[in-house]
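Notebook open, model loaded. I'm jotting down what I look up as I go.

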Amino acid sequence: MASNQSPERAAPAKARPVFDASFCHEHHRRLILTAAVLASSMGFIDGTVVSIAMPAIRQSLGATLDQATWINNAYMVTLAALILVGGAFGDRFGLARVFSLGIGLFVVTSLICAMAPNPDILILARLAQGAGAAMMIPGSLAMISRAYPREVRGRAIGLWAAASAVTTASGPIIGGLALSFGGPEMWRWIFAINLPLGVIAFAMTRLGVASDTRRPGQPVDIPGAALAIIGLGALAWTLTHLEGSGTTPLTWIIGTFGVAVLMAFLWQEHRSHHPMMPLVLFRDRTFAAANAATFALYFGLSAILFFLPMLTVAGWRITEIEAAVAFAPLSIFISLFSTKFGRLSDRIGPGPVIATGAAVVALGYASLALVIPWQNYWFTVVPAMTVTGFGMAMVVAPLSTAVMGAVADQQSGTASGVNNAISRIAGLVAVAAMGSLVGFAYARAGGSFSYGETLSDPDHVIAMGVAFSTIAWVSAALAALSAIFAAIGIPPQRGS
C-alpha cells in the first residue's frame with residue numbers, strides 16, 4: 001500500500017533548520033533551558049521516586065499489592081501513550097503554550113496525589129499526572145532545539161539530558177532521604193514539592209519566550225492516542241498477572257485484546273494523514289536504531305531501579321537511605337560527564353559513544369548479577385552500580401542528539417515525543433513483565449513467600465537474591481543489545 005505521508009515528511013534532510021531566532025532572545029536562552037530542565041525533572045522524578053516510597057504509601061493508605069503496582073503503572077501508561085500527543089500538540093498549537101499547560105496540569109494533580117485519602121484516588125491522580133508530564137517532557141527538549149542554534153545545541157541538549165537522567169536516577173535517593181528523616185507520611189511531600197518547582201518553570205517559560213509559532217490546521221491524532229492508552233494498559237495488566245501455569249483465561253483474553261488494540265494503533269498511524277507517531281520516521285536508519293537502543297537500555301534501567309530497593313531493604317534489611325546510595329554513582333557520573341560526552345558526539349557522531357556506553361552498562365549489570373549472592377552491599381553492589389553510572393553518562397546526551405538529528409527539523413516535537421514514549425514504554429513493560437519473571441525465579445529458587453516481603457527467613461533472602469540476579473542478567477543482555485543497535489545502526493558521523 002502506498003504511504004499516506006507527504007514528500008516533505010519522507011525527506012527530512014531537506015527540512016529547514018529547527019532553530020528559530022524569533023522564539024526567544026539570545027540572552028533569554030538560559031531561562032528556557034532552566035524551565036525545560038525543571039519541568040522534565042519533575043516528570044522523571046515522579047516516575048521513579050515511588051520505588052522507595054511504595055512501602056510507606058501502602059502502609060499509609062492500606063493499599064494492596066495490586067493497587068501498589070498500579071500506583072506506579074497508572075503514571076507510566078498515560079505518560080507513555082500521551083507523550084506522543086504532547087509532541088504533536090506542541091507542533092500544532094505552540095511549544096510554549098502546550099508546555100505551560102502541561103506544567104499546570106502536573107502541579108494540580110501532584111497536589112491531589114499529596115492529599116489522596118485512599119489508593120483509588122491516588123491511582124486516578126497518577127493517571128492525570130502522567131498526562132501533564134506527557135505535555136511537559138517532549139516540549140522541554142523541543143524548546144531547547146528551537147531556542148539554540150545547531151552549533152551550540154549539543155551542549156544545551158547535554159545539560160538537559162544530564163539533568164533529566166540524574167533526576168530519574170535520583171528518584172529513589174530523594175525518596176530515601178525524605179522517608180528516613182521525615183517519617184512514613186513524608187511520601188506526600190514528595191508530590192507536594194512539585195508546586196514551587198512548577199511555578200518557577202512556568203514563570204521562566206513566560207518570561208523567556210518571545211514568539212511561539214504554531215502550525216494550525218493539522219488535526220491531532222486522538223484515535224491513535226485512545227488506542228495507545230487502551231492497548232498499553234491492557235498489555236501492562238496482562239504482564240503483571242502472568243503466573244505461569246496458574247495464569248487465568250481472563251489474563252490471556254485481556255492480553256490478546258491488548259495486542260489487537262496495539263496492532264490497530266499501528267494501522268491507525270499508517271493510514272492517518274497526521275499520525276502522532278509517524279511510522280515513516282523509522283525509515284531513517286539512525287532514528288530507528290536510536291529508538292531501539294533507547295528501548296533496550298531503559299528497559300533494563302527501569303527494572304534495576306524498581307527491584308533493587310526491594311531486595312536491599314526487604315531482604316538485606318538496610319535502611320532506605322542506604323539503599324538509595326546505590327543510585328548515587330548513577331547521578332554523580334551523569335552530572336559530571338554527560339555534557340562532555342555530548343560534545344564528543346557532536347565531533348565524532350553519537351553512534352560510537354552510545355555503543356561504548358551501552359557496553360559499559362552491560363558490564364555493570366553483569367557484575368551486579370554475579371555479586372548479589374555475596375550479600376555485601378557496600379563492596380559489591382555499589383561498585384557495580386558505579387560502573388553502570390559511568391556507562392549511562394556516556395549514553396544519555398548522544399541518544400538525544402541522534403534522535404533530534406535524524407528527523408525533519410519541523411517535527412522536532414513529534415520526534416522528541418516518540419523517543420520519550422519509547423523510553424517510558426520500556427519502563428512500563430519492564431516493571432510489568434519483570435514482576436512476573438521475578439516471581440517465577442523466586443519460586444523456582446525455593447522461596448515460600450513473595451519477592452519484596454520483609455522477612456528474616458534465610459531461604460527467603462537467598463531466593464530474592466536469585467530472582468534479582470535473573471533481572472540483572474536480562475538487563476545486561478538488553479544493554480549489550482543496545483550497544484549492537486548503536487554500533488550497527490547509527491553512523492559514526494552524520495552530515496550537518
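I started at Ile229: buried or exposed? Neither, as it turns out: I get 28% relative accessibility, so Ile229 goes down as partly exposed, between the 20% limit for buried and the 50% limit for exposed. Worth writing here that I'm working from a predicted model.

Where does Ile229 sit? I find Ile229 in helix α10, which runs over residues 222–240. Leaving out residues up to four places away in sequence, I see Ile229 touching Val77, Ala81 and Leu82. I also checked Ile229 against Val261: the two are 32 residues apart along the chain, and their C-alpha atoms are 9.4 Å apart.

**Whole chain**

I stepped back to look at the overall numbers. I count 18 helices and 0 strands in the chain. The chain has 496 residues, and 59% of them are buried. For contacts between residues at least 6 apart in sequence, I get 85% joining residues at least 24 apart. The accessible surface adds up to about 18900 Å², and carbon and sulfur atoms own 68% of that.

**Nonpolar patch**

Next I went over the surface for patches. Which residues make the nonpolar one? I have Val108, Ile112, Ile121 and Leu124, together forming a patch of about 330 Å². Two helices, α5 (95–114) and α6 (119–147), each put in at least two residues. I picked Ile112 for a closer look; Ile112 belongs to helix α5. Its relative accessible area is 37%, so I list Ile112 as partly exposed. That value also clears the cut-off for patch members, because a patch residue needs over 30%.

**Positive patch**

Then the charged side of things. I find a positive surface patch built from Arg30, Arg155, Lys340, Arg343 and Arg347. Which helix gives the most to the patch? My note says α14 (residues 328–348), with 3 residues. Lys340 is in helix α14, and I get a relative accessible area of 46% for Lys340, so this lysine is partly exposed.

**Salt bridges**

How many salt bridges does a search of the whole structure find? I get 1. The partners are Arg188 and Glu185, and their closest N and O atoms are 2.9 Å apart. That counts as a salt bridge because the limit is 4 Å. As a reminder to myself, side chains of opposite charge can pair when their charged atoms come close. I looked up Glu185 too: at 39% relative accessibility, Glu185 is partly exposed.

**Positive phi**

Last stop, backbone angles. Arg317 caught my eye with a positive phi of about 60 degrees, although Arg317 is not a glycine. I place Arg317 in the loop between α12 (285–315) and α13 (320–325). Its relative accessibility is 49%, so I have Arg317 as partly exposed, since exposed starts over 50%.

Gln375 went on the page as well. This residue is other than glycine, and its phi is positive, near 55 degrees. Where does Gln375 lie? I find Gln375 in the loop between α15 (350–371) and α16 (377–404). With a relative accessible area of 41%, Gln375 is partly exposed.

Definitions and conventions:
Residues numbered from 1 in each chain as written. Predicted model: local features only at pLDDT ≥ 70, side-chain atom pairs only at ≥ 80, totals over all residues. Heavy atoms only, no water. Patch = residues over 30% accessible without salt bridge, like charges linked within 9 Å, V, L, I, M, F, W, Y side chains within 5 Å. Areas by Shrake-Rupley, 256 points an atom, 1.4 Å probe, with all protein chains shown as cover. Salt bridge = Lys/Arg side-chain N within 4 Å of Asp/Glu carboxyl O. Lys, Arg positive; Asp, Glu negative; His and termini not counted. Charge placed at Lys NZ, Arg CZ, Asp CG, Glu CD. Helix = DSSP H or I, 4+ residues; strand = E, 2+ residues; numbered from the N terminus. Buried < 20%, exposed > 50% of the residue type's maximum accessible area, 1.4 Å probe, protein only. Contact = heavy atoms within 4.5 Å.
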